Amino acid sequence: MAGSETHYVLPSPKFDGDAPHLLIVVSPYYKDIADNLVDGAKAAISAAGATYELAEVPGALEIPTAIRLAGRSNEFDGFVALGCVIRGETTHYDTVCNDSSRAISLLGLDGYCIGNGILTVENRTQAEVRADSTGQNKGGGAAEAALHLIALSQRFLKKTKGIGFKPASENILMAGENKDTKTA
């Protein structure tokens, strides 16, 4: 049974300087489940000292599009994708699960820091257990994933190896000058 498994959870990242600003994009198709996911995400973001805004979209397929649109604004450091897809009687479930997940993955490969908390479950009971912020807290987990990606982005993208052009300064000798005769 999956409920009895234990998993290692990374400690929350710490941020120096400006606190990250995230956008939580949620599909409230199953409102009670979505509300629990959002509660978990908000708590995790606030605990990290970060801030957030909330945007609602009709369904899971619209979540990646909303993230892409918001990403173009350069107002957000990361995104939390939240929603729930419960298997029904048709193959629509497979389409929604696969397409929303693939689109979020492609956005991630384009540099968007996204925590994917779109639940894909067989029944409502599974969704309720996963969304419960005092249970599996998948909303909080998705927010934590986004925060970790933001921290990695800050670590890797602000790092410089000192290569490239450097501005001219008075300490650079011109051709034919001697460092002993150079004056400040």
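Trainee: How many bridges join strand E1 to strand E2, and in which sense do the two strands run?

Mentor: In this predicted model, six bridges join E1 to E2 (residues 51-56), and the two strands run parallel. Two strands pair if at least two bridges are found between them, so E1 and E2 count as paired. One of the partnerships sets His 21 against Thr 51 in E2, and Leu 23 stands opposite Glu 53 in E2.

Trainee: What makes E1 and strand E3 a pair?

Mentor: E3 covers residues 78-86, and five bridges connect E3 with E1 in the parallel sense. The criterion asks for at least two bridges, so E1 and E3 are paired. In E3, Phe 79 is the bridge partner of Leu 23, while Val 80 lies opposite Ile 24.

Trainee: Which order do the strands of the sheet follow, and why are E2 and E4 called edge strands?

Mentor: The sheet is open, has four strands in the order E2-E1-E3-E4, and pairs in parallel. E2 and E4 (114-121) are the edge strands, as each pairs on one side only. On average, neighbouring strands of this sheet are turned by 15° against each other, direction ignored.

Trainee: How do you know that E1 is mostly covered?

Mentor: Six of the six residues of E1 (residues 21-26) are buried. A residue is buried when its relative accessible area is under 20%. On one side of E1 the buried residues are His 21, Leu 23 and Val 25, and on the other they are Leu 22, Ile 24 and Val 26, so both faces are covered. In a regular strand, side chains alternate between the two faces of the sheet.

Trainee: What kind of unit do E1, helix H1 and E2 make, and what is its hand?

Mentor: E1, H1 (residues 31-47) and E2 make a right-handed β-α-β unit. The hand is assigned with the strands pointing away from the viewer: a clockwise path from the first strand over the helix to the second is right-handed.

Trainee: Why is H1 called oblique to helix H5?

Mentor: The axes of H1 and H5 (residues 138-157) come within 6 Å and cross at roughly 40°. Roughly parallel requires an angle under 35 degrees and roughly perpendicular requires 65 to 115, so H1 is oblique to H5. The crossing of H1 with H5 is right-handed.

Trainee: Why, then, is H1 called roughly parallel to helix H4?

Mentor: H1 and H4 (residues 124-131) pack at an angle of about 20°, with their axes 9 Å apart. Angles under 35 degrees count as roughly parallel, so H1 is roughly parallel to H4. H1 and H4 make a left-handed crossing.

Trainee: How do you know that Cys 97 is in no disulfide?

Mentor: The structure holds zero disulfides. For Cys 97, the nearest cysteine sulfur is that of Cys 84, 9.1 Å away. A disulfide needs the two sulfur atoms within 2.5 Å, so Cys 97 is in none.

Trainee: Why do Cys 97 and Cys 113 count as buried?

Mentor: The cut-off is under 20% relative accessible area. Cys 97 has 9% relative accessibility and is therefore buried. Cys 113 has 7% and is therefore buried.

Note on methods:
Residues numbered from 1 in each chain as written. Predicted model: local features only at pLDDT ≥ 70, side-chain atom pairs only at ≥ 80, totals over all residues. Heavy atoms only, no water. Buried < 20%, exposed > 50% of the residue type's maximum accessible area, 1.4 Å probe, protein only. Axes fitted to C-alpha atoms, helices over the stretch in contact; angles between N-to-C directions. Parallel < 35°, antiparallel > 145°, perpendicular 65-115°, else oblique. Left-handed = near helix turned anticlockwise from the far one by under 90°.
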